[in-house]
Amino acid sequence: MTMTTSTHVTHRQRGLLFVITGASGVGKGTLRTRLLESISMVYSISWTTREARVGEYDGLDYHFRTREAFLHEIEEGAGFLEYAEFVGNLYGTPRGPVEQALKRGQNVLLEIEAQGAMQIKEAIPSAILIFIMPPSLKELHSRLTGRATETPDKIAKRLERAKDEIRMTHSFDYVVVNDDIERAANDLKSIVVAENLRSGHWKSEELEAVLAVC
Ligand code: 5GP
């Protein structure tokens, strides 16, 4: 778990859970970094059975684990809030750190694929689901081939998965189109800020405290 501080978002008794989902190559990583730089929230580091790419670090980008360790965690460990198979590898959100942060009143951010996002909505209906939309599939294809972290076969599979995820857009609460990184980063920040300002988060004791001043 990493945490950054800057823009203040009100601390409630329980934090809010934000989920961002979008195809490989859509720019989720950059948007996530921008969000964490501008708003105080906890980022949940996932477990994965995928191998680390050059420049990725265990415990920072992911907890890189063997399939055996992952399956053991499901059956006998603390378990996952959600997990899914994605193009031949398992990915999951460790349950404990997310629940603890929410309990402390901190906002938590997950960056996960669509099946996992649906599991989160089922388990925690108050979670806020945000879909990051690519400007086009063509653009996604050129971004994926340009970054060259995957074989052509894996890229094709990731694109197929992207199509399935785009078809699930209506299951998300918000859609941010990443055709312009500045605007998309602002859109994302606006969603997080606005969700924190919802009147429903005010407890009657808090209203009483304001009224008590006069
Ligand atoms: P990548 O291999 O490109 O890092 O990630 C592949 C996909 O897995 C991305 O869509 C990413 O958002 C998703 N992912 C990362 N962590 C998790 C997780 O904990 N759970 C689920 N369901 N998906 C994840």
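Colleague: Which residues come nearest to the ligand?

Modeller: This is a predicted model. A residue is counted near a molecule if one of its heavy atoms lies within 4 Å of it. Here there are 17 residues around the ligand, and Ser 46, Arg 50, Tyr 62, Tyr 91 and Glu 113 come nearest.

Colleague: How is that shell divided by class?

Modeller: The shell around the ligand holds 7 charged residues, together with 5 polar and 5 nonpolar ones. Strand S6 (80-86) and strand S7 (89-94) each contribute at least two residues to this shell.

Colleague: Which polar side-chain atoms should I examine beside the ligand's oxygen and nitrogen atoms?

Modeller: A polar contact is a pair of N or O atoms within 3.5 Å. For oxygen atoms of the ligand, Arg 53 has a polar side-chain atom at 3.0 Å, and Arg 158 has one at 2.8 Å. For a nitrogen atom of the ligand, a polar side-chain atom of Glu 82 lies 2.7 Å away.

Colleague: How much of the ligand's accessible area does the protein cover?

Modeller: On its own, the ligand has 500 Å² of accessible area, and the protein covers 96% of this.

Colleague: Where does the ligand sit with respect to the pockets?

Modeller: The ligand takes up the space of the largest pocket. That pocket contains about 710 Å³ of space. It is lined by 29 residues, and those closest to its centre are Lys 28, Arg 50, Arg 53, Tyr 62 and Glu 111. Arg 50 and Tyr 62 also appear among the residues that come nearest the ligand.

Colleague: Which helices and strands supply the lining of the largest pocket?

Modeller: Helix H1 (28-38), strands S6 and S7, and helix H6 (152-167) each supply at least two residues of the lining. The largest share, 4 residues, comes from H1. By class, the lining comprises 12 charged, 9 polar and 8 nonpolar residues.

Colleague: What is the volume of the second largest pocket, and which residues lie nearest its centre?

Modeller: The second largest pocket has a volume of about 220 Å³. Its lining consists of 14 residues, with Arg 14, Gly 15, Leu 16, Ser 126 and His 201 nearest its centre. This lining divides into 6 nonpolar, 4 polar and 4 charged residues.

Terms used. Residues are numbered from 1 along each chain as its sequence is written. This is a predicted model: local features need pLDDT of at least 70, side-chain atom pairs count only at pLDDT 80 or more; totals for chains, interfaces and linings use all residues. Side-chain values use heavy atoms; hydrogens and water are left out. A polar contact is a pair of N or O atoms within 3.5 Å; within protein, one must be able to donate a hydrogen and the other to accept it, and residues adjacent in sequence count only if both atoms are side-chain atoms. Accessible areas come from the Shrake-Rupley method with a 1.4 Å probe; for residues, only the protein chains shown count as cover. On a 1 Å grid over the protein atoms alone, a cavity is a set of points where a 1.4 Å probe fits but cannot get out, and a pocket is an open set with protein on both sides within 12 Å along at least five of seven lines; lining residues have an atom within 4 Å of a point. A molecule sits in a cavity or pocket if more than half of its atoms lie within 2 Å of its grid points. Ala, Val, Leu, Ile, Met, Phe, Trp, Tyr, Cys and Pro count as nonpolar, Asp, Glu, Lys and Arg as charged, and the others, Gly among them, as polar. Grid points are joined across faces, edges and corners, and a volume is the space filled by probe spheres set on the points.
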